2 protein chains.
Amino acid sequence: MNGLSQKIYLPMHVPTEEDPRSSQQRILDALAAEGISASLSLPVLQSMFPLLEQADYQVTASLCFNGYTWQVTGLTPGNTADEHYGLAVDLGSTTVVMELVNCNTGEVLAQESCYSHQIAYGEDILTRIFYTKNQPEHRKELQKATTDTLSQLMQTLSDSTGINTRACSCMIISGNTTMIHFLLGLDAFCVFSSPYAVQTDTPDFFWAKELGIPMEGMVYCYPCRANYMGGDIISGIVATGMNRREEISVFFDIGTNGELVMGNRDFLVCGAGAAGPALEGGVVKTGMRAADGAVEALKLSDDTFQLSVIGHGNPMGICGSGIVDLIAELFINGILDIRGKFSANSSRHLIYGKNGTPTGIEYAPGLIFDENDVQEFLRTKAAAYTMMQLTMEQTGITMADISDFYMAGSFGSHVNKESAIRIGMYPDVPHEQIHTVGNTSLMGARSLLLDRSILTELKDILDKMEYIQFGSIANFLEVMTAASYLPHIDLHRFPSVERELAKRQYTK
Amino acid sequence: MNGLSQKIYLPMHVPTEEDPRSSQQRILDALAAEGISASLSLPVLQSMFPLLEQADYQVTASLCFNGYTWQVTGLTPGNTADEHYGLAVDLGSTTVVMELVNCNTGEVLAQESCYSHQIAYGEDILTRIFYTKNQPEHRKELQKATTDTLSQLMQTLSDSTGINTRACSCMIISGNTTMIHFLLGLDAFCVFSSPYAVQTDTPDFFWAKELGIPMEGMVYCYPCRANYMGGDIISGIVATGMNRREEISVFFDIGTNGELVMGNRDFLVCGAGAAGPALEGGVVKTGMRAADGAVEALKLSDDTFQLSVIGHGNPMGICGSGIVDLIAELFINGILDIRGKFSANSSRHLIYGKNGTPTGIEYAPGLIFDENDVQEFLRTKAAAYTMMQLTMEQTGITMADISDFYMAGSFGSHVNKESAIRIGMYPDVPHEQIHTVGNTSLMGARSLLLDRSILTELKDILDKMEYIQFGSIANFLEVMTAASYLPHIDLHRFPSVERELAKRQYTK
């Protein structure tokens, strides 16, 4: 391990009149003997007495690298070098996930998640931003809500493992730009407001206590590239390693927003857009989060819906992956046409309006997905595909040049690849080229915790990353409109779907 | 100026959609254009909004070099680069002196001093140390007393100059090892207790706020070499520049303790001893501090004392420089013999005991200096000379090899050189070789504030400094005894005194 923290046992000589070195120098010399140049903070200086004497000068130093030098973050009596732990955090706007990692072995000892305490200030991020706008006191409240969430997870991890998380010397946090602004007590209005010049993009290491996090050591936040290209995505790039390979990959995180990165060790282009609102509650009328009662997957055969419901109870709504299945099944079975319009008499589940045209479908008892829902969703999936196409057009890369697609985030983890291809949301490539990579924000945080050489890599990534403002591209609307069809106005882009449709046509 | 702080005007472009760099990056880029690589602390990040907008992105950055990198310590609207101030402090155990320095020009704008608030916890340093021993809460009290003293001086300087000292980006403090321990809230019992392994000798830069000092910037404390060889002496070495010259010099600071450094650019040997107690109040019965009513200088001609009294009122006691004059005049006029015994009938001011032998002298109406006082003082002056002689013996250096003697501190500033030579406290060299250098602790603090290359020089000084434990030298007592005579048992060491005595003998 070549991590951001170290624990080193320092069996030192007891001072004598022949060797009256200071306690500080004794520790620095012992560390230098291990090849480490370090610095002692004030709290550590203050903790030396009477700890050193009581421990007979056999102590273990905890250290964190702060980008410039090693900082001693704490001292413990005896040899506790085996007890070397760190924390990796995915600071989401809804859910915060924290991992307790054995930094000697890299093993993840436990993972906990909880809702962000920020939710008390607004379900969605914009409400929170308006709450704090020009209100320094409110910024402090949001900061405290953030650190309270982290404290709670630390406590939960301590309770479940018996390990004192407060003694950790390093915590790596990855989150989007707004989340990092809230954590640092900074005004976040800039993230959503032209000209989108944020307060900070590459914050330094901070002492946890300075931020209000009850931990001895230091905290580092993944840097962001732009307002909508946050540290969670940079962390994702690191997690996939796409920036180190010769092959070209695409990293795609579709959540409330969609962020896309395309590139390899030589270049990285990226962009972001409001790809995902229809994937969560709100926009789609029976839409809901992926919680108990949500239809998360769905099949339609012989005009009968087979539902997978989270928690196995009665269906209460539909989440993102369920919607993708639903649209795909309706389309492939001829119930939705390529414009996303319902075909009359194509299913017994259709609902009809006053003029006799179908207006929706009852996909579960009492749960209706109507044509507006379909259109909302088509905009979402079109946005996702548009991001990919525009990025390829800007760089001259074709689908054939791309070796791997990394689909990150919760949606990416649950969506059915075939369905996503059938509706034209994912590109029509062999399934094995599409990798469901899960919470790469958290994985990247852990990677950095365990490998400090990534700090240097981050500088390289940020330097390389070319940010595309999709909205300012001339043919943006054209591309978007073409992608709003099922799967696309140019069906040849989706040969597997074309074949399937032909087969079914034939069967019919 | 190549100081530890800088103020740099940064006229930056207002963000646009074409240039949406973060506020942090905008500042870092503007600094980089000036050749400065810097880091922004959390309070500075938090201060950017709405300051940058309100100042139309025309701001001045205050910076402090922290040994590793430049730290931005504050931002002010507009161009305030001319208002670049710093603070230099001599943190004495009795008196604390602070200078406000124009860091662009090096000019000292004002100097203030006051008694240390620590005195409330004991007039002498040992009382304070015992008060804090094993009492963390008491350590905090002493720390607060120290920072309160600094705050008071900052306020006085602000009041007298109209300059906001809280906005300074750097404060350099030099003080003895105990004072620095108190300032940092560290246990100081180690300073006076075998094996004399102190807590810290080379503390890093600290944020002023971390220490409880109400200033935006950072604080650096001069490192110490050993328990009795504090930062005030290292600062003195820097102030005299003796470590940069080919010629060999002696630096001597005689206060409550005496510290001596001998050397040049190739070597530095040093040692310390309890040289000075008889120079202040307490040990000598009519002794007092150099305050109103103290006899500070004295002549004896035709058996009449001519007194210089501080404040020009009635004499109430005698301070260090007065005592040196008194002993010198009594000796040179044949009233004290070489053993420091009063010669009967040598003066009308003598006081006699029951057995008819003289026991003291009334040097001012009602003020008597008795033979015990003389003996106490001879031990003090012998200690001073002994330190010098032993250092020379250890290094093989002779008086003729030494080009300059720097006499530092308040006593050094006020003592009459001729008197000090006549009693054998100062070496018998031409007066122009003896330099009265005043408060070198403060001067060295100012030097470092204005020249950061001294940080590197300090490492070299500390590496070179050879610390001699005088007490453990075999012939220590012998040398000390020989030096207890007036001026020395070997009169040939003081040829000018020998000549003067011969002349007076002849006159008589």
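**Close-up views of a predicted two-chain model**

**Figure 1. A bridge between two strands of chain A.** A:Tyr85 has A:Asn102, a residue of strand 6 of chain A, as its bridge partner. The model shown here and in the other views is predicted. Strand 5 of chain A covers residues 85-91, and strand 6 of chain A covers residues 95-102. These two strands pair in the antiparallel sense, and seven bridges join them.

**Figure 2. The six-stranded sheet of chain A.** Strands 5 and 6 of chain A belong to an open sheet of six strands. Read across the sheet, the strand order is 7-6-5-8-10-9, and the pairing is mixed. At the edges lie strand 7 (108-115) and strand 9 (206-207) of chain A. Each of these edge strands pairs on one side only.

**Figure 3. The contact between chain B and chain A.** Chain B brings 43 residues to the contact, and chain A brings 43 residues. About 3300 Å² is buried between the two chains, and carbon and sulfur atoms give 51% of this area. On the chain B side, B:Leu42, B:Phe49 and B:Gln199 together supply 19% of the area that chain B buries against chain A, more than any other three residues.

**Figure 4. Polar contacts across the interface.** Between chain B and chain A, 20 residue pairs are in polar contact, counting pairs with both residues at pLDDT 80 or more. The rule for salt bridges finds zero across this interface.

**Figure 5. The elements of chain B that face chain A.** Five elements of chain B each supply at least two residues of the side that touches chain A: helix 1 (23-33), strand 2 (38-40), helix 2 (42-54), helix 4 (136-161) and helix 7 (208-211). Helix 2 of chain B gives the most to this side, with six residues. By residue class, the side of chain B that touches chain A holds 19 nonpolar, 16 polar and eight charged residues.

**Figure 6. The axis that relates the two copies.** A turn of 180 degrees, with a shift of 0.0 Å along the axis, lays chain B on chain A with an RMSD of 0.1 Å. The two copies are therefore related as by a two-fold rotation axis. In chain B, the C-alpha of B:Tyr68 is the one nearest the axis, at 3.4 Å from it.

**Figure 7. The surface through which the copies meet.** Of the interface residues of chain B, 100% are also interface residues in chain A, so the copies meet through the same surface.

Key
Residues are numbered from 1 along each chain as its sequence is written. Chains are lettered from A and ligands numbered from 1 in the order in which they are written. This is a predicted model: local features need pLDDT of at least 70, side-chain atom pairs count only at pLDDT 80 or more; totals for chains, interfaces and linings use all residues. Side-chain values use heavy atoms; hydrogens and water are left out. Contact means heavy atoms within 4.5 Å. Buried area is the accessible area (1.4 Å probe) that two parts lose on being put together, summed over both. A salt bridge is a side-chain nitrogen of Lys or Arg within 4 Å of a carboxyl oxygen of Asp or Glu. A polar contact is a pair of N or O atoms within 3.5 Å; within protein, one must be able to donate a hydrogen and the other to accept it, and residues adjacent in sequence count only if both atoms are side-chain atoms. Helices (H or I, at least four residues) and strands (E, at least two) are DSSP runs, numbered from the N terminus. Ala, Val, Leu, Ile, Met, Phe, Trp, Tyr, Cys and Pro count as nonpolar, Asp, Glu, Lys and Arg as charged, and the others, Gly among them, as polar. Copies are superposed by least squares on the C-alpha atoms of residues with pLDDT of at least 70 in both. Two strands pair if DSSP finds at least two bridges between them.
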